[in-house]
Amino acid sequence: KTDFADRNNNDHVISFDGKIIALSHHRQGKEGGGSTVYTVPITGGTPQLITEKTPSYLHGWSPNGKELVFVGQRDGKLYDIYKISSKGGEEIKLTSNNGFHVDGCEYSPDGKFIYYNSSQSGTMQLWRMKPDGRANEQLTFDEYNDWFPHISPDGKWIAFISFEPSVTPADHPSYKRVMLRLMPANGGAPRAIAYLYGGQGTINVPSWSPDSKSIAFVSNSEKSEK
C-alpha cells in the first residue's frame with residue numbers, strides 16, 4: 001500500500017479524519033538519506049515527500065489535518081521538535097535544545113497544545129506547550145522516565161509509558177520492565193494500568209480507540225529481558 005516506502009519504522013499516524021496516513025520511511029541516497037516523513041492515502045498510493053531534511057521522525061497530526069509534528073536532528077545537534085505543513089514546505093522549529101532530549105510530540109484533539117517528553121528537568125518527564133512553542137509546562141514529577149504521551153480522543157486522559165530510574169533518561173530501549181500509565185490531561189497523579197516487558201515500539205505513536213475506552217500497545221512479555 002505504500003509503494004516505494006518499504007523501509008518504514010514504527011512512526012505511522014492516521015489523520016484525525018481517517019483519510020491519510022503519515023509515516024517515516026528510511027530513504028537512501030547521498031542527499032537526504034535517513035528517516036523521512038511522507039503521507040499517503042489510507043487506501044494506499046504513492047507517498048508524498050514532506051520533510052526534505054533528515055533524520056525526521058514523525059509523531060503526530062494537527063486536528064485540522066494541516067500540520068504534522070516530528071522530531072528532527074539538524075547539523076549534528078541534539079533532536080528538536082518541529083512542525084511542518086502536511087503538504088510539505090518550510091519546517092518550523094518549536095524547541096531550542098540546550099543539552100536535553102525531547103521526543104514524542106503530539107497535538108491534543110482540540111489543537112490547543114502539543115504534548116511531548118523532555119529530560120530538561122533531569123529525568124524524562126511529560127510536558128506540553130502551545131502550538132507555537134510557547135508556554136512550556138511540566139506535567140509529571142516522579143522518579144520514572146516517562147515517554148510518548150498520547151491524548152485520548154475525548155481530551156480527558158494521557159496514556160504514556162514509564163521506564164524504571166535505571167534506564168538512561170534519553171534512551172527508550174526495548175525488552176525492559178515498563179509500565180503503561182494513565183493521568184488526567186491537565187495534570188494529576190498517574191496510575192499504572194499495565195506492567196510489561198517492552199519499551200521501544202510499545203506505544204510510540206497514537207494508539208487510542210476512537211471511543212477513548214481502549215489502548216493498543218505492543219508487549220514483549222513472552223520474551224526474556226535482554
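Which strand gives the most to the lining of the second largest pocket? The tour reaches that point at its second stop; keep in mind on the way that the model on screen is predicted.

**First stop: the largest pocket**

Begin by selecting Val-13, Ile-14, Pro-206, Ser-207 and Trp-208, which, of the 27 residues that line the largest pocket, are the closest to its centre. The space they mark out has a volume of about 640 Å³. Next, highlight strand 1 (8-14), strand 5 (56-61) and strand 9 (102-107), each of which supplies at least two residues of this lining, with the largest share, four residues, coming from strand 1. If you then colour the lining of the largest pocket by class, you should find 16 nonpolar and ten polar residues together with one charged residue.

**Second stop: the second largest pocket**

Move on to the second largest pocket, in which about 270 Å³ of space lies. To centre the view there, select Tyr-57, Asp-103, Phe-148, His-172 and Gln-200, the closest to the pocket centre of the 17 residues that line it. Keep the strands highlighted, since the elements that give two or more residues to the lining of the second largest pocket are strand 1, strand 5 and strand 9. Here the opening question can be settled: strand 1 gives the most to this lining, with three residues. Colouring by class once again, the lining of the second largest pocket shows seven nonpolar and seven polar residues, along with three charged ones.

**Last view: strand 1**

Finally, select strand 1 by itself, which supplies four residues to the lining of the largest pocket and three to that of the second largest pocket.

Methods. Residues are numbered from 1 along each chain as its sequence is written. This is a predicted model: local features need pLDDT of at least 70, side-chain atom pairs count only at pLDDT 80 or more; totals for chains, interfaces and linings use all residues. Side-chain values use heavy atoms; hydrogens and water are left out. On a 1 Å grid over the protein atoms alone, a cavity is a set of points where a 1.4 Å probe fits but cannot get out, and a pocket is an open set with protein on both sides within 12 Å along at least five of seven lines; lining residues have an atom within 4 Å of a point. Grid points are joined across faces, edges and corners, and a volume is the space filled by probe spheres set on the points. Ala, Val, Leu, Ile, Met, Phe, Trp, Tyr, Cys and Pro count as nonpolar, Asp, Glu, Lys and Arg as charged, and the others, Gly among them, as polar.
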